[in-house]
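Student: Could you take me on a close look at a single part of this structure, and then follow its threads outward? I would enjoy one long, connected answer.

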Amino acid sequence: QVQLVESGGGLVQAGGSLRLSCATSESAFTINSINWYRQAPGSQRELVATISSTGTTIVADSVKGRFTISRDNAKNVVYLQMNSLQPEDTAVYYCNAAYVRVGLPRSSWGQGTQVTVSS
């Protein structure tokens with residue numbers, strides 16, 4: 001099973017930036033996609049950004065132009081660069097990996113990292 005460890009969350013003022021990191025136990029080339037989700041209190045988990053094994057990226061409309069997903073293949077790390085943060089970005093951010101093992105679809109989750117944006 002792919003192991004994921006997130007880091008980089010914290011408290012930031014509105015308009016500030018944070019970079020989240022997701023360290024994976026396997027190469028990104030063996031993982032179909034690595035995804036960042038977020039969940040605010042009382043809300044459903046929301047997909048924020050995705051990067052595929054080929055490097056294709058998708059970012060949710062709600063954060064487009066402010067958030068960027070990227071990866072460092074040599075370090076097996078996926079990043080979520082978050083700029084122009086707003087209070088509504090406050091949430092627990094989770095890294096997720098979707099992959100196939102022994103012909104079956106699998107999914108792994110990190111422990112989550114809290115992002116709090118103050119107004």
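**A close look, starting at Leu 11**

Tutor: Happy to. Leu 11 has a relative accessibility of 64%, which is over the 50% cut-off, so this residue counts as exposed. Keep in mind that the model is a predicted one. Leu 11 sits in strand E2, which covers residues 10–13. Apart from neighbours within four places in sequence, Leu 11 is in contact with Thr 116 and Ser 118. Ser 108 is another matter: its C-alpha atom is 26 Å from that of Leu 11, with the two positions 97 residues apart along the chain.

Now for the sheet. Four strands form an open sheet in the order E1-E3-E8-E7, and the pairing is antiparallel. E1 (4–7) and E7 (67–72) are the edge strands; each has a single partner strand, so one side of each lacks a neighbour in the sheet. On average, neighbouring strands here are turned by 15° against each other, ignoring direction. Four bridges hold the antiparallel pairing of E1 with E3, the strand of residues 18–24. Within E3, Thr 24 is the bridge partner of Leu 4.

Thr 24 also leads us to Ile 31, since Thr 24 is among the residues that Ile 31 touches beyond four places in sequence; others include Val 2, Glu 26, Ser 53 and Tyr 99. Ile 31 lies in the loop between E3 and strand E4 (33–39). With a relative accessible area of 1%, Ile 31 falls under the 20% cut-off and is therefore buried. Its C-alpha atom is 9.9 Å from that of Ile 51, 20 residues apart along the chain.

Glu 26, one of the contacts of Ile 31, brings us to charged pairs. Side chains of opposite charge can pair when their charged atoms come close. The structure holds five salt bridges. In one of them, Glu 26 meets Arg 101, with 2.4 Å between the closest N and O atoms. This pair links distant parts of the chain: Glu 26 is in the loop between E3 and E4, while Arg 101 belongs to strand E9 (residues 91–101), 75 residues apart. Relative accessibility is 22% for Glu 26, which is partly exposed, and Arg 101 is partly exposed at 24%.

A second salt bridge joins Glu 46 and Arg 38, at 2.8 Å from N to O. Glu 46 is partly exposed at 29%, whereas Arg 38 is buried at 8%. Through shared partners, salt bridges tie Arg 38, Glu 46, Arg 66 and Asp 89 into one network. Finally, Asp 61 and Lys 64 form a salt bridge of 3.0 Å, N to O, and both residues are exposed.

Note on methods. Residues are numbered from 1 along each chain as its sequence is written. This is a predicted model: local features need pLDDT of at least 70, side-chain atom pairs count only at pLDDT 80 or more; totals for chains, interfaces and linings use all residues. Side-chain values use heavy atoms; hydrogens and water are left out. Helices (H or I, at least four residues) and strands (E, at least two) are DSSP runs, numbered from the N terminus. Buried means under 20% relative accessible area, exposed over 50%, partly exposed in between (1.4 Å probe, protein chains only). Contact means heavy atoms within 4.5 Å. Two strands pair if DSSP finds at least two bridges between them. Axes are lines fitted to C-alpha atoms, for helices over the stretch in contact, and angles run from 0 to 180 degrees between N-to-C directions. A salt bridge is a side-chain nitrogen of Lys or Arg within 4 Å of a carboxyl oxygen of Asp or Glu.
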